[in-house]
Amino acid sequence: MSATSTVTAPAPRAPSRSPAAVLGLLAALVPLGGDMYLPGLAPLARDLRTGVLGAQLTLSAFFLGVAAGHFVLGRLSDRYGRRGPLLTCLAVSALAAAACALAPHVAALAGARFVQGLAGAAGVVIGRAVVSDLARGRRSARAFSAMMWTIAAAPIAAPVLGGVLIAAAGWRAVFAALAVLGLLAFLAALIALPETLPLHARTVTFLPGPTGRSLLRDRDQVAPAVAFALGFGALAAYLAAAPFFLRDLLGPHIAPVAATLTLNALALVLVAAAGARLAYRFPPLWPARAGLAVLLVCAGLLGAAAATGGLNAGVCLPLLLLAVASLGLVLGDTSAVALARAPRAAGVAAALMASLQFVIGAATAPLAGLGGARAVLPAAAVMGACAVLGLLALTAAEPHAGRDHP
């Protein structure tokens with residue numbers, strides 16, 4: 001049927017509770033896949049006879065896979081429909097997690113992690129497209145909100161869940177659990193999610209359209225998107241290094257490390273939620289600038305304490321908590337402004353931002369581990385560099401870019 005046909009397509013219907021619950025489960029696959037095994041990075045490195053950098057490269061491989069998934073899977077589902085690509089990716093993600101659990105060496109683990117990230121990204125990318133197919137307006141906003149809260153809650157629960165599994169059965173148990181979760185997600189999608197993109201609405205090409213190119217030429221859209229990605233890069237540096245130096249500060253037990261990771265994730269989510277409510281009280285991007293400034297100060301103090309030998313749990317933990325919490329202002333404000341610049345192409349803009357986000361995260365994660373198990377100094381340096389570059393990026397945005405104020 002041609003695009004100019006006068007036949008009116010049926011109005012989208014709101015997701016029922018069952019599909020909405022399934023979409024929430026799918027949205028959790030990436031944050032759980034990224035964070036559940038973090039408390040076990042140190043024993044993983046020991047068991048696979050690799051160093052800190054080798055263990056952190058498995059996190060980078062996962063981030064690169066997620067970035068590739070955001071770039072490819074949206075177009076794939078636009079061409080072949082939602083259901084087939086989604087089910088295929090969920091099955092591959094579960095198999096990749098099982099391969100991670102059985103990996104004999106770090107190279108095999110990194111390869112399986114890349115595949116797991118690429119396929120797992122379908123949960124968010126195609127899940128978001130399913131919501132757009134099924135609902136509009138407030139119903140769509142409610143469905144997206146449920147997905148976002150799942151994405152926000154998963155990193156809080158993940159270190160605790162992972163810590164329990166690692167303490168009981170070792171780090172491989174985390175990937176066995178992720179394989180089971182992926183299988184459950186596959187079965188739930190098979191049962192509860194129908195095809196939502198009819199044949200006449202599908203595209204015929206994978207090539208980027210003019211929309212993406214026009215967004216890349218918009219300085220006021222690119223600047224906050226780059227700052228957003230750099231904020232995530234700082235977070236990735238922390239996530240990659242913290243499991244090692246926290247063991248040095250808190251002792252060899254998994255529980256304190258997992259509890260610290262969870263507390264910092266909770267602080268990030270709470271500050272992001274508070275920042276969203278306060279965003280309209282300040283000019284656009286000022287909350288992000290404030291968050292980056294706090295991050296820079298905290299990173300500088302952490303680096304100075306590490307360089308002078310004055311680092312201990314009483315100094316490190318509060319500074320880390322404040323640094324990670326400040327990223328809630330950065331990630332929330334910059335993403336809101338960047339997406340507001342593309343109201344008619346929010347999906348394309350979100351995909352570009354996510355791809356850049358995970359590419360930068362993949363680069364910063366191994367850089368944070370150059371100091372080995374005592375990785376506070378390089379991690380602080382990477383976080384500080386991300387803060388400086390983020391502030392520089394925001395200087396390219398016009399003061400009025402993004403939101404309109406009441």
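# Exercises on helix packing and residue environments

In this predicted model, helices α13 and α16 run roughly antiparallel to each other. The exercises below begin with that pair and then turn to other parts of the chain.

## Exercise 1. The pair α13 and α16

Establish at what angle α13 and α16 cross, with which hand, and which residues make the contact.

Solution. Begin with the geometry: the axes of α13 (residues 286–308) and α16 come within 8 Å and cross at roughly 155°. Angles over 145 degrees count as roughly antiparallel, and α13 and α16 are therefore placed in that class. The hand of the crossing of α13 and α16 is left-handed.

Next, list the residues that meet: α13 contributes Ala288, Arg289, Leu292, Leu295, Leu296, Ala299, Leu302, Gly303 and Ala306, while α16 contributes Val376, Leu377, Ala380, Met383, Gly384, Ala387, Val388, Gly390, Leu391 and Leu394. Sorted by class, the contact of α13 with α16 comprises 15 nonpolar, three polar and one charged residues.

Finally, take one residue from this list, Val388, which lies in α16 (residues 376–394). Its relative accessible area is 37%, and as values between 20% and 50% count as partly exposed, Val388 belongs to that class. The C-alpha atom of Val388 is separated by 9.8 Å from that of Ala227, although the two residues are 161 residues apart along the chain.

## Exercise 2. The pair α5 and α9

Determine how α5 and α9 are oriented, parallel or antiparallel, and which residues form their contact.

Solution. The axes of α5 (residues 83–102) and α9 (residues 172–192) come within 7 Å and cross at roughly 165°, so the two helices are roughly antiparallel to each other. In passing α9, α5 makes a left-handed crossing.

On the α5 side the contact is made by Arg83, Leu86, Leu87, Leu90, Ala91, Ala94, Ala97, Ala98, Cys100, Ala101 and Leu102, and on the α9 side by Arg172, Phe175, Ala176, Leu178, Ala179, Gly182, Leu183, Ala185, Phe186, Ala189 and Leu190. These residues of α5 and α9 divide into 19 nonpolar, one polar and two charged.

## Exercise 3. The pair α4 and α6

Find the angle and the hand with which α4 and α6 pack, and classify the residues of their contact.

Solution. Helix α4 (residues 52–80) and helix α6 (residues 106–120) pack at an angle of about 25°, and their axes are 6 Å apart. Because angles under 35 degrees count as roughly parallel, α4 and α6 are described in that way. The crossing of α4 and α6 is right-handed.

From α4, the residues in the contact are Gly54, Thr58, Leu59, Ala61, Phe62, Leu64, Gly65, Val66, Ala68, Gly69 and Leu73, and from α6 they are Val106, Leu109, Ala110, Arg113, Phe114, Gln116, Gly117, Leu118 and Ala119. By class, the contact of α4 with α6 has 13 nonpolar, six polar and one charged residues.

## Exercise 4. Three single residues

Decide for His70, Arg49 and Val271 whether each counts as buried, partly exposed or exposed.

Solution. His70 is found in helix α4, and at 8% relative accessibility His70 counts as buried. Apart from its neighbours within four places in sequence, His70 is in contact with Ala121, Val124, Val125, Arg128, Ala351, Ala354, Ser355 and Phe358.

Arg49 is found in the loop between α3 (41–47) and α4, and at 82% relative accessibility Arg49 counts as exposed. The backbone there deserves a further step: phi of Arg49 is near 55°, a positive value in a residue other than glycine. Most residues other than glycine have a negative phi.

Val271 is found in helix α12 (residues 254–278), and at 25% relative accessibility Val271 counts as partly exposed. Leaving aside its neighbours within four places in sequence, Val271 is in contact with Ala325, Gly328 and Leu329. The C-alpha atoms of Val271 and Leu327 are separated by 8.2 Å, with these positions 56 residues apart along the chain.

## Exercise 5. The chain as a whole

State how many helices, strands and disulfides are found.

Solution. The chain has 16 helices and zero strands, and a search of the whole structure finds zero disulfides. Two cysteines can be placed by accessibility: Cys100 is buried, with a relative accessible area of 0%, and Cys298 counts as buried at 2%. Of the 406 residues in the chain, 52% are buried. Among contacts in the chain with a separation of 6 or more, 85% involve residues 24 or more positions apart.

Definitions and conventions
Residues numbered from 1 in each chain as written. Predicted model: local features only at pLDDT ≥ 70, side-chain atom pairs only at ≥ 80, totals over all residues. Heavy atoms only, no water. Axes fitted to C-alpha atoms, helices over the stretch in contact; angles between N-to-C directions. Helix = DSSP H or I, 4+ residues; strand = E, 2+ residues; numbered from the N terminus. Parallel < 35°, antiparallel > 145°, perpendicular 65-115°, else oblique. Left-handed = near helix turned anticlockwise from the far one by under 90°. Contact = heavy atoms within 4.5 Å. Nonpolar A, V, L, I, M, F, W, Y, C, P; charged D, E, K, R; others polar. Disulfide = S-S within 2.5 Å. Buried < 20%, exposed > 50% of the residue type's maximum accessible area, 1.4 Å probe, protein only.
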